[in-house]
Amino acid sequence: MTAAGEVGATVFRFRTVDETLTAVATELAAAAEQAVAVRGRFLLAVEAEEPCLRACRHWAALTGRRRFWAYTLVLAVREPAGVAPPGTGGRERLRDTLRPAVALTAAQVLGADGSPSAPAAARAYARTLRLALELRPGELPVLDRVLLAHHDASVAPRPARRSVGGPSVPEPDALAHAVEGDPPAVTLSRETLARGRRVVLLSLDVSRGAAEHASLGRAGAIVYAAAAPDAVPSRAGRGTG
């Protein structure tokens, strides 16, 4: 079953959480195979929150021996700024999630570097990405897939430049930027996320209805949602109405 929300996201609802995770894993595997065959690499940006980490763990377990992993780059969408406690950084959580099943190098999972301030960490992350992705100054990458657990407007709010004696003025678009808060964070910009060939939002919150799931995503996004928890075994990957 599909449903359109007020912002135009398309929702695929599955009977159980396990079916939903299998569907996302199948989506990522197919996208990776195609990207590597056509463009020579697969670029995936992931919000390192538990639903997305569960999907990545499922994906790696199902496909760990496939050739595309050697040509895959995984980007952390959002990270805490500064020196994060062990196990809490986006890059670290993604690496630890994938590595039991996949032999990834350190250079294949990218994130902020732990600079003491959020602006410095954002600049360093942008430099790292430009080098790794061979981007020209001002150029934004085209990500093959973006996997989020929240609407991109909340994951990557637009930064603001403070002006003296006047309202905040949006900063020019950038690859990555700092986000004020407690704690401060570094995130890929909303413009970077919007350039994904497909933005996938994953919801394992079975209390949401179709309309609520649709409201998670902007126009053109795909929402994979669980309709019920895993109560009984069921056939994986099959959407239901």
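Colleague: Are Phe 14 and Tyr 224 buried or exposed?

Modeller: This is a predicted model, so read each value as computed. Phe 14 sits in strand E2 (residues 10-14) and Tyr 224 in strand E13, 210 residues apart. Both Phe 14 and Tyr 224 are buried.

Colleague: Which kind of ring pair do Phe 14 and Tyr 224 make, stacked or edge-to-face?

Modeller: The ring centres of Phe 14 and Tyr 224 are 6.0 Å apart. Their planes meet at 5 degrees. Planes under 30 degrees apart count as stacked. The pair is therefore stacked.

Colleague: How many aromatic pairs are there?

Modeller: Rings pair if their centres lie within 6.5 Å. By that rule, the count is six.

Colleague: What is the geometry of the pair Phe 68 and Trp 69?

Modeller: Phe 68 is buried at 1% relative accessibility. Trp 69 is buried too, at 4%. Their ring centres lie 5.4 Å apart, with 35 degrees between the planes. That pair is tilted.

Colleague: Which residues are linked by ring pairs into a cluster?

Modeller: Phe 68 and Trp 69 form one aromatic pair. Ring pairs carry the cluster over four residues: Phe 42, Trp 59, Phe 68 and Trp 69.

Colleague: Where is Ala 225, and how many ångströms separate its C-alpha atom from that of Leu 21?

Modeller: Ala 225 is in strand E13 (residues 222-226). Its relative accessible area is 0%, so Ala 225 is buried. Leu 21 is 204 residues away along the chain. The C-alpha separation is 9.1 Å.

Colleague: Why do the buried residues of H3 line one face of the helix?

Modeller: Helix H3 spans residues 90-98, and its buried residues are Gly 90, Leu 94, Thr 97 and Leu 98. Seen down the axis of H3, these residues line one face because they fall within an arc of 85 degrees.

Colleague: What covers the buried residues of H3?

Modeller: The buried residues in question are Gly 90, Leu 94, Thr 97 and Leu 98. Their cover includes one helix, H2 (50-63). It also includes strands E3 (42-46), E4 (72-76), E5 (78-80) and E6 (109-110).

Colleague: Which residue of H3 forms a salt bridge with Glu 50?

Modeller: Side chains of opposite charge can pair when their charged atoms come close. Here the closest N and O atoms are 3.7 Å apart, and the partner of Glu 50 is Arg 93. The bridge links helix H2 to helix H3, across 43 residues. Glu 50 is partly exposed at 37% relative accessibility, and so, at 24%, is Arg 93.

Colleague: Is Asp 144 buried or exposed, and what is the N to O distance in its salt bridge with Arg 197?

Modeller: Asp 144 is in the loop between helix H4 (118-133) and strand E7 (145-148), whereas Arg 197 is in the loop between helix H6 (190-194) and strand E12 (199-203). Asp 144 is buried at 2% relative accessibility. Arg 197 is partly exposed at 45%. The N to O distance is 3.0 Å.

Colleague: Which residues do salt bridges with shared partners join into one network?

Modeller: The structure holds eight salt bridges. Those that share partners join Glu 27, Arg 145 and Arg 198.

Colleague: Which residue forms a salt bridge with Arg 136?

Modeller: Arg 136 is exposed, with a relative accessible area of 58%. Its partner is partly exposed, at 25%. The closest N and O atoms are 3.8 Å apart, and the partner is Glu 139.

Terms used:
Residues numbered from 1 in each chain as written. Predicted model: local features only at pLDDT ≥ 70, side-chain atom pairs only at ≥ 80, totals over all residues. Heavy atoms only, no water. Buried < 20%, exposed > 50% of the residue type's maximum accessible area, 1.4 Å probe, protein only. Helix = DSSP H or I, 4+ residues; strand = E, 2+ residues; numbered from the N terminus. Arc of directions from axis to C-beta. Contact = heavy atoms within 4.5 Å. Salt bridge = Lys/Arg side-chain N within 4 Å of Asp/Glu carboxyl O. Phe/Tyr/Trp six-rings, centres within 6.5 Å; stacked < 30°, edge-to-face > 60°.
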